[in-house]
Amino acid sequence: MITLSFDLLLALALLWSAWRALATPDLGRGVVMFIVFGLLMALAWARLQAPDIALAEAAIGAGLTGALLLDALGALRVGGQSGEPSAQRKDAP
Amino acid sequence: MKALLRGTVVLLALALATLMLVAVLDLPMPTVQLPASVAANLAQSGVEHPVTAVLLNFRGYDTLLEIAVLLLALLGMLSVAGPQTAPKPALHVRPDPVLQALARLAVPLMILAAGYLLWAGAHRPGGAFQAGAVLAAAAVLLNLAGLLPAWSTPGRLLRLGLAGGFLLFLAVAAGLLVEAELLHYPPEHAGGLILLIEAGLTVSIGLILAGLFLLFGARPAAAAEES
Amino acid sequence: MTPGLIYAVTGLLLFVIGAAGVVLLAHALRKILAFNLMGSGAFLVLVGLAQRTGGVDPVPHAMVLTGIVVAVAATALALALVRRLHVLQVELHAKDASVAETEDA
């Protein structure tokens, strides 16, 4: 009973963090929610008795992918503020 | 018009979810019992941990192709990077003494942990991918602390490290192909061969994953002010 | 209701959310995020369905391990392409702006 409620709560948290990662208007917050999603996935892998995948997901899925996304976000923001005319930007965050 | 298209996509997504839900809840029992086959052949595979045995022995060909895909992705990034003069550097790194002290403390421990994970992969959860990921994390930490400069075009030694794991795996596979089938380890040498391949994979995966970040990484603040 | 089945259902919902996100979202970075969500959902389905009767199956574990590493490589390549595209767009707009200024002058 306890484990069932834990699994349901974790599943709900996974879906909620995934939804917020895509739906929040601020991209930085979205990337942070994605890192949170990655760490919750590591918990899910631990619940599925897959410690190898949990290690790899925490290090690669959450950590490295999060670092890559934050780096790219910073690069896109810096370039956008260097005098680019705002009317022609098709990809407003 | 746009709202209509968005509504259609959302409806289709909901329909897909419902269909898949019905299919998942209605699945018949599997006919092939894979865990039993893995457990039956685990003694001859050379390692004691079933996931490592599957990764490097039973499905070794998949791992060989996977490391090739990693290398290809890095080559793709190198070719896309363009001239290494971005209009403005991506990150301004101000050297923080606390972060640098922490990095100097943590990185040797991370390298030790990576070595342990590599060795422990034969007996318990661990292996080449986890060890390589910890090495890459150490490199990213050094870069963010300002102790490791970002990489421009890789030099000869770095190229050897990046491609070395794949070449070692390929050499072992080719050597085995001469006598037996592809990646058919002789059972008495399987443990040693797997450890050798995993060691090469650890170094390569660590360097490739670090390169995915460091090729576009933080430029030090001094370079930022002069550009 | 084993954990495998719960996470398999979660995985397929994540996959559908990711797929809808790839189609509907405009910004390239959000599309990459949604694509990663699809990947994570697929991995959950792979392991969850194999373990829906309660056992531990090492073969999907190895496949998902491979999948995670390939997904990060694909994400890094996609981000490099997006950054390069952005640099080229900035250069193009700067060139258009300078051409417009020389025409006005």
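The crossing of α4(B) and α7(B) is left-handed, and that pair of helices is a friendly place to start exploring this predicted model. From there, we can step back to chain B as a whole, and then look at how chain C meets its partners, with 34 residues of chain B and 39 residues of chain A in contact with it.

**Two helices that cross in chain B**

- Two packed helices are described by the angle between their axes and the distance between the axes.
- Here, the axes of α4(B) and α7(B), the latter spanning residues 156-179, come within 10 Å and cross at roughly 150°.
- Angles over 145 degrees count as roughly antiparallel, so α4(B) and α7(B) are roughly antiparallel to each other.
- Which residues make the contact? On α4(B) they are Leu64(B), Ile67(B), Ala68(B), Leu71(B) and Leu74(B).
- From α7(B), the contact is made by Leu162(B), Ala163(B), Gly165(B), Phe166(B), Phe169(B) and Ala173(B).
- Sorted by class, the residues of this contact are 10 nonpolar, one polar and no charged.

**Chain B as a whole**

- Chain B has nine helices and two strands.
- If you walk along its sequence, you meet them in the pattern α-α-α-α-β-α-α-α-α-β-α.
- How much of chain B is buried? Of its 227 residues, 33% are.
- Take the contacts in chain B between residues at least 6 apart in sequence: 80% of them join residues at least 24 apart.

**Where chain B touches chain C**

- On the two sides of this meeting, 34 residues of chain B are in contact with 31 residues of chain C.
- Four elements of chain B give two or more residues to its side: α1 (2-25), α2 (34-41), α3 (50-58) and α4 (60-80).
- You have met one of them already, as α4(B) also crosses α7(B).
- What is the mix of classes on the side of chain B that touches chain C? There are 27 nonpolar, three polar and four charged residues.

**Where chain A touches chain C**

- Chain C also meets chain A, with 42 residues of chain C in contact with 39 residues of chain A.
- On the chain A side, α1 (2-23), α2 (27-47) and α3 (51-80) each supply at least two residues.
- Which element gives the largest share of that side? It is α3(A), with 14 residues.
- By class, the side of chain A that touches chain C divides into 26 nonpolar, seven polar and six charged residues.

Methods: Residues are numbered from 1 along each chain as its sequence is written. Chains are lettered from A and ligands numbered from 1 in the order in which they are written. This is a predicted model: local features need pLDDT of at least 70, side-chain atom pairs count only at pLDDT 80 or more; totals for chains, interfaces and linings use all residues. Two residues are in contact if their C-beta atoms, placed from the backbone, lie within 7 Å. Ala, Val, Leu, Ile, Met, Phe, Trp, Tyr, Cys and Pro count as nonpolar, Asp, Glu, Lys and Arg as charged, and the others, Gly among them, as polar. A residue is buried if 20 or more other C-beta atoms lie within 10 Å of its own, exposed if 12 or fewer, and partly exposed in between; C-beta atoms are placed from the backbone. Axes are lines fitted to C-alpha atoms, for helices over the stretch in contact, and angles run from 0 to 180 degrees between N-to-C directions. Angles under 35 degrees count as roughly parallel, over 145 as roughly antiparallel, 65 to 115 as roughly perpendicular and the rest as oblique. A crossing is left-handed if the near helix is turned anticlockwise from the far one by less than a right angle, and right-handed if clockwise.
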